[in-house]
Amino acid sequence: MNSQILILFLVLIADVSSALGVVYTRHQSRLLAVELGALEALRDEGLAEWSRLQIEQGWLADASQIEKTARGVLQMQQPDKVEILVVRP
Amino acid sequence: MIPSSRLYAMLLIFMLCSVALIARAVNLQVMETDFLQGQGKARYLREVKLAPTRGVITDRNGEPLAVSTPVDSVWVHPGQVLEYPENIKPLAKLLKTNPEEMELKLNQRAGKEFVWLRRRLNPDVADEIRALHIPGVNLQKEYRRFYPTGEVTAHVIGFTNIDDVGQEGLELAYDSWLAGSPGSKRVLKDRKGQTVEEIELVRESVPGRDLRLTIDKRLQYLAYRELKSTVLKHGARSGTVVVLDVDNGEVLAMVNQPSYNPNDPTHDADGMRNRAVTDVVEPGSVMKPIAITSVLEHDIAVPTTPVETSPGYISISRHTIRDHNNYGLLDVTGVLTKSSNVGVTKLALQLTPEQMWDTYSRFGFGEATGTGFPGESAGVLRNHKRWRKLEQATIAYGYGVSATPLQLAQAYAAIANGGKLHQPAFIEGSNNPPISAIDPEIAHAVAAMLETVPTAQGTGSRARVANYRIAGKTGTSHKSGASGYAAARYVSSFAGFGPASNPRLVCIVVINDPTGKEYYGGLVAAPLFSKVMTGAMRILNIPPDDYQTMLVNAVDSGGVGDDISGDISADMGGDVSDDVSDVAED
């Protein structure tokens with residue numbers, strides 16, 4: 001008779017703790033879902049920024065811009081062919 | 001007893017009531033749960049589309065040529081917005097439109113549930129709209145495509161429409177590769193239509209794959225700049241430059257004029273055509289090396305065989321084919337150097353039409369190059385069974401046969417590559433194994449003959465590139481119009497490759513309808529060829545191979561391009577009609 005009560009008591013404890021476990025894991029999974037959402041948003045933001053930077057770089061590295069700067073601001077010019085020294089292999 | 005019977009009656013009524021309630025409850029809870037729960041969810045659960053990123057298109061060095069970046073588009077549920085009309089004013093202010101107009105527009109569409117208000121907003125404007133939290137106003141993430149190189153690469157890459165679907169060029173040809181597939185997620189929305197919780201991801205959106213082209217952005221820009229200035233200088237209607245890698249047929253540069261801005265395409269059909277693959281020209285003298293190849297292949301002649309071209313004209317089927325001058329006795333090499341129509345006619349007529357047709361078709365004429373580029377033209381090479389004698393003669397010097405600039409580039413690349421023909425490729429890692437078009441020895445012989453053209457004696461002296469040996473051929477052809485060949489409308493061209501000792505690059509220049517005083521290929525197209533090749537050799541670090549001239553230059557520092565011979569105009573295609581060919585002689 002005593003052992004039956006004991007078993008009943010143990011089952012009750014197991015039941016309550018598993019119920020608490022469910023509550024806890026649900027809570028954890030919600031927290032993780034929120035974190036995942038935030039990280040995904042961060043990733044998307046990073047990708048977006050990367051693509052914008054790529055475009056910006058593309059525009060800044062545009063050959064006509066570079067040429068304008070090289071010839072205009074830096075006063076660069078192509079060497080005349082008589083100024084080129086070729087080392088024969 | 002009466003009270004007792006009333007009691008039973010009441011009990012019966014109550015029992016019936018409770019039975020009815022239980023029955024209804026069972027009906028709702030058990031029999032119709034699925035339907036009702038579905039209906040309930042449909043009122044707050046929504047599936048939201050997730051736009052995929054479109055793949056990046058880069059040049060061969062990884063420089064971005066087309067990039068998608070996320071932007072927000074704003075859409076509304078007109079009925080919900082109109083419930084709070086005071087919200088319209090701040091919204092209209094942010095979108096910089098008239099509030100009355102916006103309200104009118106919403107009223108007209110009040111019955112709908114989804115109306116785009118504005119596509120592709122600036123990110124900061126989108127953030128401000130998001131901060132307003134107006135019921136019924138939603139933001140959808142979309143992608144907008146940017147082309148940092150603009151008009152320089154416009155024809156090759158093309159552009160996409162507002163729904164991110166390729167419309168032209170490689171954006172169209174490789175649309176499914178670049179596009180990826182959209183995903184979706186389920187979200188909970190409240191009464192105002194705003195997302196309160198994300199439930200689950202139904203499908204992850206699959207981003208599009210990147211595309212690496214064979215185009216070299218630096219060469220592309222160089223060719224575009226030089227082409228544009230040449231087209232402007234000569235008042236030409238249009239122009240094309242194609243640069244191929246000899247070793248594998250990869251397209252390093254392909255530019256056309258006129259062009260357009262792919263970031264804001266105005267749908268001007270004339271500027272949008274990629275003339276290098278869609279437009280055919282009668283190439284004129286640029287075709288002569290192909291005819292000479294056929295002559296060499298069938299042992300009609302060797303490069304040193306003498307050919308009598310005096311008196312400078314020849315009659316074929318009651319038509320006269322003329323040279324620019326009477327060149328007298330030439331050899332086969334000299335026929336190409338001087339671009340003698342009479343010489344090439346005499347040689348070609350010793351072939352059967354079938355032999356000649358066979359050589360032309362092995363070079364890929366009359367057949368699309370198979371790059372898969374939208375709108376690619378195959379050109380025209382009629383079946384040899386229908387060639388008359390006159391037609392065979394004109395085909396030998398490039399009339400009565402038409403080709404795209406890309407086909408010409410492919411054929412010249414085969415000559416430069418020891419007879420091995422590669423299908424032109426736009427995409428890195430394309431599988432285009434070489435086809436043996438002609439015998440390597442004959443290819444080398446023709447290449448050596450073509451080296452005599454960009455010299456003081458030849459028609460292409462202005463095509464020369466300092467410190468490099470160049471081979472090539474000039475061309476000037478009359479444009480055919482509605483009523484035969486037009487007297488004063490020409491196509492100037494130059495096709496060539498270098499360095500001749502170990503060819504690396506093939507470059508084709510076609511200038512359509514130059515309206516200035518100069519129209520000969522040697523005067524219009526050859527200088528452009530020289531500029532593009534000079535720059536390309538420098539950019540690609542190709543070692544010079546013309547030590548002889550370099551040493552001479554070092555001594556007297558004389559300019560290479562200064563000694564232009566009077567023969568520059570000689571490549572004028574002698575025409576089948578007499579009055580037209582007279583024009584060539586002034």
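Visitor: Which residue follows α6(B), and what is the sign of its phi?

Guide: The residue after α6(B) is B:H133, and its phi is positive, near 55 degrees. Keep in mind that this is a predicted model.

Visitor: Which residues of helix α6 of chain B are buried?

Guide: In this helix, which spans residues 123-132, B:V125, B:A126 and B:I129 are buried.

Visitor: Why is B:V125 called buried?

Guide: Its relative accessibility is 16%. Buried means under 20%, so B:V125 counts as buried.

Visitor: What puts the buried residues of α6(B) on the same side?

Guide: B:V125, B:A126 and B:I129 are the buried residues of α6(B). They cover an arc of only 100 degrees around the axis, and therefore they lie on the same side of the helix.

Visitor: What covers them?

Guide: The cover of the buried residues of α6(B) includes β3 (64-76), α4 (88-94), β4 (115-121) and β5 (137-146) of chain B. For B:V125 there is also a backbone distance: its C-alpha atom is separated by 6.8 Å from that of B:L94, 31 residues apart along the chain.

Visitor: What makes α17(B) largely enclosed by the rest of the structure?

Guide: Seven of its eight residues are buried, so the helix counts as largely enclosed. The buried residues are B:L390, B:E391, B:Q392, B:A393, B:T394, B:I395 and B:A396. Among the elements that cover them are α13 (288-297), β12 (313-316), β13 (319-322), α15 (341-348) and α16 of chain B. Just after α17(B), B:G398 has a positive phi of about 90 degrees.

Visitor: Why is strand β6 of chain B described as largely enclosed?

Guide: Six of the seven residues in this strand, residues 183-189, are buried, and therefore the rest of the structure largely encloses β6(B).

Visitor: How do you know that β1 of chain B and β6(B) pair?

Guide: Pairing needs at least two bridges. Strand β1 (residues 45-50) of chain B and β6(B) have six bridges, in the antiparallel sense. At one position of this pairing, B:R46 stands opposite B:V187 in β6(B).

Visitor: Why is the pair of B:F373 and B:F426 called tilted?

Guide: Two values are needed, because a pair of aromatic rings is described by the distance of the centres and the angle of the planes. The centres of B:F373 and B:F426 are 5.2 Å apart, with 40 degrees between the planes. Rings pair within 6.5 Å, and planes neither under 30 degrees nor over 60 count as tilted, so this pair is tilted.

Visitor: What makes this a link between distant parts of the chain?

Guide: The two residues are 53 residues apart: B:F373 is in the loop between α16 (353-362) and α17 (389-396) of chain B, and B:F426 is in the loop between β15 (420-421) and β16 (435-436) of chain B. B:F373 counts as buried at 4% relative accessibility, and B:F426 is buried with a relative accessible area of 4%.

Visitor: Why is the pair of B:Y490 and B:Y519 called stacked?

Guide: B:Y490 and B:Y519 lie 3.8 Å centre to centre with 5 degrees between the planes. The limit for stacked is under 30 degrees, so this pair is stacked. B:Y490 belongs to strand β18 (residues 484-498) of chain B, and B:Y519 to the loop between β19 (505-512) and α20 (521-539) of chain B, 29 residues apart. At 3% relative accessibility B:Y490 counts as buried, and so does B:Y519 at 10%.

Visitor: How many aromatic pairs does a search of the whole structure find?

Guide: The search finds ten over all chains. Ring pairs also link B:W75, B:F114 and B:W116 into a cluster.

Visitor: Where is B:S493, and why is it called buried?

Guide: B:S493 is in strand β18 of chain B. Its relative accessibility is 4%, and buried means under 20%, so B:S493 counts as buried. Leaving aside neighbours within four places in sequence, its contacts include B:P283, B:K473, B:V509 and B:A525.

Visitor: Why is B:C17 called partly exposed?

Guide: B:C17 has 43% relative accessibility. Partly exposed lies between 20% and 50%, so B:C17 is partly exposed. B:C507, in contrast, is buried at 0%. A search of the whole structure finds zero disulfides over all chains.

Definitions and conventions
Residues are numbered from 1 along each chain as its sequence is written. Chains are lettered from A and ligands numbered from 1 in the order in which they are written. This is a predicted model: local features need pLDDT of at least 70, side-chain atom pairs count only at pLDDT 80 or more; totals for chains, interfaces and linings use all residues. Side-chain values use heavy atoms; hydrogens and water are left out. A disulfide is a pair of cysteine sulfur atoms within 2.5 Å. Buried means under 20% relative accessible area, exposed over 50%, partly exposed in between (1.4 Å probe, protein chains only). Helices (H or I, at least four residues) and strands (E, at least two) are DSSP runs, numbered from the N terminus. The arc is that of the directions from the helix axis to the C-beta atoms. Contact means heavy atoms within 4.5 Å. Rings of Phe, Tyr and Trp (its six-membered ring) pair if their centres lie within 6.5 Å; planes under 30 degrees apart count as stacked, over 60 as edge-to-face and the rest as tilted.
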